[in-house]
Every structure is written in structure tokens, then in C-alpha cells.
Amino acid sequence: MASIKIVSGKYESKLSTTTKWVLTADESCLFEVPDWIPQAKVNPKGGFTPVIPTEIEKPKGVTWEIKDKSKKIVLATVKGNVLDKFKIAINKKYSGSYGYTLEATLDGVGTKASAFILGSCEAKVISATWSKQELASDSTEIKYGNIVYVRLATEGLNGDNLTFEFYNKKDEKTPIETITQECLNGDAQVKIATFKAFKGDPTKIADLEDFFVKVKNTKGVYIKNGKEDKVVSFQIKKPLLVSPVADIPTNLTPIKVGEPDKSNLSTGIISLEKIAVKTTYDVCNDEVDNFSDFKNFWILENDGKYYHWLRKSLIGITEADDKKKPAAIPITLASTDNFTFKATFKTILPIDGIEVRVRDKDNKYTFTTKPHAKQAKDALYEIEFKSTNTPYKDTIQYFETFELIFDYSLDKKSWTPLGSAMFCFYLTWKKPMWDKFEGDKLTPNETVDMMLLCKKSFKKNILETLLWLGCNQASGKGNLSKNNEENEEQIISSVFKQFTSKKVLRKREGSYITKNWTSQGMGYWRGISAVDAQSGLPAARVQPRKFYDSATGKHIDRNSRVILKYGEFRCGEWSDFYTYISMCQGIPLSQFAIFSGRGDNQNYYFKIDPVTKKPSYINPNLSKVDASGKLIENYYANWVFYVKGGWTFSDPKEPVLSASIANRAQGNSNPLHEFSDHVFVLFERSGKKLWLDPSYGLSSTTKHPTNNDLLKDYASAALERMGYLDIYSGNYKTIGTVIENHLVKMIISGLYDSRSEVREEKGVISIIDSLGKTIKTF
């Protein structure tokens, strides 16, 4: 069997074999399959004069693949021939015990050769952080009862099982907790419930307790962070109780700091088990596939019912799909809603006469204290709480961690902490316009409809990023003016600020979403799309209203669900995306579309083959002769408009776009920059109009009384020239003045993709001569 061998590059020779190569991290190595390389032949006439090979003897093609260690997932593919060398370098963060399979396949023969490759470097911690949020930054004060996440970024440890040891500085020899976690892609994260940090006599606890973490590798050797084997340290604030409900006390007694109240011993205690918030809409992950894709609906199942919080440390997660959901489940309410929820409690001992109070950590919502009926030991029972106020009425709010805090009392005088529940909370301005979303309630298309329904909980759902971008960007807005229309304008303007950066991210970017655009942001015409015929694009990839996902080799329907999942948009989808964000706040918007003489994709005036640049279709209106039959010279038809930035115009040559480093459009420095149609958002109230173009992060600086005035302003701000084309000779003529007079406009109420109500479609398309004189209009 043929073997893959290393040709050049640094590697660990003592650790390598003919089937396993241990590469020095960050060093490029070249590989080949020697048995497949044609050998020099002796010339029959004598000597070693090269002989011209026959067709059969010519170098064969080879396909190289890098696979994960299971050999099931292909990470990279490179094609070449047997004379080409395969080049690879393994980064230090991917080095360690985790190996990859390098496989070569001889084209047309199917013969394979493979080797196992690993990266090797010094094992060390590059950075170590702690946080109160999973995969997020939250270094605020740690209190007793919080969960603390410790995360490492490492080198040389990929694939190793790391042992995290948590210590109190009072006893640096005995860890209070030990957790083992595999290091994947150089990262490892564990969590510890801080109630485990306090053990022993509560009177000896300091106001601030100091803790640190040490980490061992698979061989039991401590990994250093710099010169220290204490990789990270943190402090925990002194608790009010030694044993909160997150860790049931062995004596089942609510011990206070100091002497316990013996009169309470016979009454027993309770625990908070589950919370279900009364919501009209639940929240789901951006890449939910269909209505049965429960792992991507942010709701938790327990005993066949659905909740927004479970006391995981005690009852566990029973549904496999729930195990990887956010620690703080997202919830959403309108600012005019009362905060209503059902809490499930469990008795540790029989109770009689206990009352429970609840508050949020900012003490904004007020809830009536609830007495609990007499219950036997180990009883589960529900109580509904409803806020008596709406403290954020008519404002938008976003809480990364919204905490409900529970206490209970036996005498209505002294209160004992019962625990708390965390949520990610989106408070919208008005009720979301879910019923106006795209979709069919009676016969839904589960992979396309924005009217999302969870088949398990039977609840309406909203994609999380639509809520996050609106609530996060416009937090605090909504009642700054007495005029409702002014408040709407402030909200949409605040949300749009994120779009001006040309780097718009999704809420769970890099964690719960497969496609990671953290470094670039979601994209505009970034190349994954294959909707229209493009030069060099195989015809099989071109399908109307679809894009080609090269990763899966599939054609996928273009719609707001799919483009948000993949992070790839065109202009209509960017406008709909921004409109959905606004609709989630109860604010309707319209769409403003513009077209050149090529038409609106429904009624083309002419079509140009993208390869030959010759007309493949010519509307009869574009006759080459005038009414008398005389041949018309220098005949230019309305063709495209050019977006501002980077163009060089040299009529009659085709305009040239220079390369760019900075983003010209969302997530893209070099997007398609010339169009026959485009759409952006229209905000109109009381006869005044504003435009916002999410694709390019541009918006009005003033209000306009008419659509014509608005189009004139847009053309001045966004467009550089209008392009006319002699569709017979291929010559260009570009015009940079009064561009608005060369466009057809269409005003659409609501969403562009549905085009449910086209309110206006006006404009004149001209045929001009080389001097710009109009020959014909239609």
C-alpha cells in the first residue's frame, strides 16, 4: 500500500512513523506519495536521456483531504497531480493529542494513501478568564449562588482531557472541586456553582473569599499560565446563608449566620424548581431548521411541560436537546405587559404558613407576596406571580441577565433567601407584528416561514437576533418625546447605527450558530450567492430565487430565515431584515425599490449574456431603426447604475472598480457594485419621508416631502453614475447628473419579498444617443 511521506519541513522525527507524522507547530511541511510519482526511464539508445511519456504515463490527478480524527468530516480539500506537494501547517492552538487524517486519492483509480498528523509544541495556557456568563464577558462581582465559568485558551493541549482544580486560598493543598473537561480547538471551559465554595463553619467566612484554579494535563502535570500554575483567581462575596437551595443542606434547616431560629425547625424548607414565564412569543435560535427542531427553540422541557428556567443542578436536564441551550434562556415581553410567571416549588419537609416574595435585582417590578398552602414533604406545587406594575412602559429594554430573586418567611418578619433565576430579557416597545410576518398559518412552510411555531410547546416564536438588534441598540428609547412618530424615528435611527458600521453580528455569533461571521459581520453579495448567471459560473448552479451553498453543495431557497442562518444577504433581504427588526418593536416600514432600463426582473427591456456581453434578448421597443426605417447610430439603452466608491469611468470603455480594503457594503470590501435594481427602507409619517439603506449603511440626513425628492437625495448620496450601453457594439456612456430622472421607482408597503401592496410604480426609461440626447422613451 502506498504511503504518504514528508518531503520538507520541521517535524518530530522521534515521535513520527511512516503512518503518523508529528509536525512542529506553525511550521509548513510538504507531503507526497512517492509510489505514485512516475520514475525516470532508461533510453533504449543508451544513457538517461528523458523519454517523452505516453498519455497513460502522464502524471495523474490527486485529491488531498484533511479529515477529523473520526475520518467522517472533511475539513479541507485540495486538488493537484502526483507531482504536486501537499502543504500544511498546524497552528499551536490546534496542536496536542488531537490528530487529523491526511488522505490522498489517485484520480480515476480510487487508490488511497493516508497518514495521521498532529501538531507539537510546548503545552501552556495563553489566557485564562473567569465570567458569570457562558462564552461571554461578565466580570462583575461574584455573589454566593452565582455560576462561575472558567475558560482557557491554550497551546499544545488540543484533545487533552484537562483537570480543573478549584481552591480556596485558606487551604491551598485540598481542592474544593475537581472537574475534567476535554480541550477542543485549544479552548476549554468549565463551570462551578459557588455554593460549593463555602464549606465548614459559617462564622469563619471572610467578607471576600479568595479562590484560584489550577489545571493538570492528561499526565497529571500542572499547566502553567506564564510562570504560575495558578491559572486564574477570583473572589466571592460573603453569603447570607451557608446552604442555599442550590445545595440542599444536610440538616434541612435554613441556617443563618449566627444562631438558628429553633422555632423554624419543625416547619421545614422549600426549594424553587421551575419557572414558566407567561409570554405571547418565545425566542428561538437564528438557525432553527423547522418547527420540530427543538434544540434551537430556547425553551426547556421537563416532565412533558415547558419552562424558561429549571433548577438544573438538582433535577437535571431530561431532554437531550436542552443540554446545550443558553444558561440564561431568552424571554420577550412587550413594555406594556405585566410580568407574569408560574413558579414550581418543592417541599423538603412539610410546610404550613410559609410566604414567598419575589423581586428583580433592580427592584423595578413589584409582585404581591404569595402565601403557600399546607404541603406534605416532597410535594411539587405551582404558584402564579403577576407584577402589579409595568415599570418600563413605552420603552425598549435589553437585559443580558435579568434576575428574579426569591425569599421565603415563616413569620413575615425575617426573610431567608430561596434562590434566584436568570433570563436574557428582551422588552419590546409595542407588541411585535408577528401576524404580519411572512408565512401561512394554515399551510405553513416550516423551513421558510417567519411565522415560526414550536411544535412541542405550540408557541409562536421570534428569531433572537431580530429582538437583540432592536432591543440592544434602542434600549431606553420609546418615550423621550411626547410625539409618537418622533419616538418611532428615534428608535429606528438608534437601531440603524449598528448598520452604519457595515459589520452587523447576530446575537449568538460564534457560539450557537454554525456559520461564524464574528470577524466580518453578515455579508452583502459576498460571493456565496448564485442567483443570477455570472461569468464562469456553471449553469447547474444557477437557479432563480436560490443561493448555492458550496459547503453542502445544495441549492437553498432565498428567504429571510435562510439568509439569517447563513449570514448572507442581498439588498431585498437586508431591507426585509431591518424591517423585521422594526416590526418586532411594533413599528411598520415600507420599501423603496429602484430599477434601470433592464427592468424589474419581471419585464426585462433587454438581457445581456454575462460572458459574451452580447444581447440574449431585446425588447421590440429597442428597435435599431427609427419610425421611417432609418438606421440609428450610437444607440444607447438605459443599463445599470453604479454605487459610489472606487469607480473609474472612461467612456466608451466599461467602467472599472478598484479593489478596496475597507467595507463598501455590509461585511464586504468588494461587493457587486453595479445594479439594474436595488431596494432600501422607507420610513414615512405625516407626509415626511426618510430613507435607510441597510445594505450600505447609508441613511437620510433630512426628511423629504415627496418620493421624487427622496429619490433625488438617495441618488446624490449613494449613486455615482447612470450607465447606458450600446447593446450592439458594447460601448458605454455614463451620466453623473440628475440620476434620479433615469430610474423607475416602486413603493411597497411592508416587506419587499412578499410585495403584498405595490403603492406606486413610476418612471420613464430613455434611449439616448452619444451626446445624451433622448431618442425614445417608454
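How many of the 14 residues of α5 are buried? The legends below take up this and other close-ups, starting with a few words on the model.

This is a predicted model, in which local features need pLDDT of at least 70 and side-chain atom pairs count only at pLDDT 80 or more, while totals for chains, interfaces and linings use all residues. Residues are numbered from 1 along each chain as its sequence is written, and side-chain values use heavy atoms, with hydrogens and water left out.

**View 1. Helix α5 is enclosed by the rest of the structure.** Here is the reply to the opening question: 14 of the 14 residues of α5 are buried, so the helix is largely enclosed by its surroundings. Buried means under 20% relative accessible area, exposed means over 50%, and partly exposed lies in between (1.4 Å probe, protein chains only). Helices (H or I, at least four residues) and strands (E, at least two) are DSSP runs, numbered from the N terminus. α5 covers residues 571-584, and at 1.5 Å a residue it should span 20 Å; its end C-alpha atoms are 20 Å apart, which agrees. The expected span is 1.5 Å times one less than the number of residues in the helix. After α5 comes G586, with a positive phi near 80°.

**View 2. An open sheet of five strands has mixed pairing.** Follow the strands in the order β21-β27-β26-β23-β24. Two strands count as paired if DSSP finds at least two bridges between them. The edges are held by β21 (329-334) and β24 (370-371), each of which has a single partner strand, so one side of each is left without a neighbour in the sheet. β21 and β27 (residues 416-428) run parallel and are joined by six bridges. To find your place along this pair, look for I329, whose bridge partner in β27 is F423.

**View 3. Helix α2 packs on the sheet.** α2 (residues 464-473) touches β21, β26 (397-409) and β27, where contact means heavy atoms within 4.5 Å. The direction of α2 makes about 90° with that of β27. For such angles, axes are lines fitted to C-alpha atoms, for helices over the stretch in contact, and the values run from 0 to 180 degrees between N-to-C directions. The helix is mostly covered, with eight of its ten residues buried. Among the buried residues of α2 are L466, L467, W468 and L469.

**View 4. Three loops show backbone features worth a second look.** Most residues other than glycine have a negative phi, and most peptide bonds are trans. The peptide bond from D651 to P652 is cis, with omega near 10°. P652 sits in the loop between β38 (647-648) and β39 (656-657). D26, in the loop between β2 (20-24) and β3 (29-32), is not a glycine, yet its phi is positive, near 65°. D26 is partly exposed, with a relative accessible area of 42%. S686 also has a positive phi, of about 50°, and belongs to the loop between β41 (677-685) and β42 (688-693). With a relative accessible area of 62%, S686 is exposed.

**View 5. Salt bridges link parts of the chain that are distant in sequence.** Side chains of opposite charge can pair when their charged atoms come close. A salt bridge is a side-chain nitrogen of Lys or Arg within 4 Å of a carboxyl oxygen of Asp or Glu, and a search of the whole structure finds 27 of them. One of these joins K214 and D229 (4.0 Å, N to O). K214 lies in strand β14 (residues 208-216) and D229 in the loop between β14 and β15 (230-237), 15 residues apart. K214 counts as buried at 13% relative accessibility, whereas D229 is partly exposed at 22%.

**View 6. K274 and D303 form a salt bridge.** The closest N and O atoms of this pair are 3.5 Å apart. K274 belongs to strand β16 (residues 270-277) and D303 to the loop between β18 (300-302) and β19 (305-307), so the pair ties together parts that are 29 residues apart in sequence. The two partners contrast nicely: K274 is buried, with a relative accessible area of 6%, while D303 is exposed at 63%.

**View 7. A salt bridge brings E400 and K507 together.** The N to O distance is 2.9 Å. E400 is in strand β26 and K507 in the loop between α3 (484-500) and β30 (523-524), 107 residues apart. E400 is partly exposed at 31% relative accessibility, and K507 is buried at 15%.
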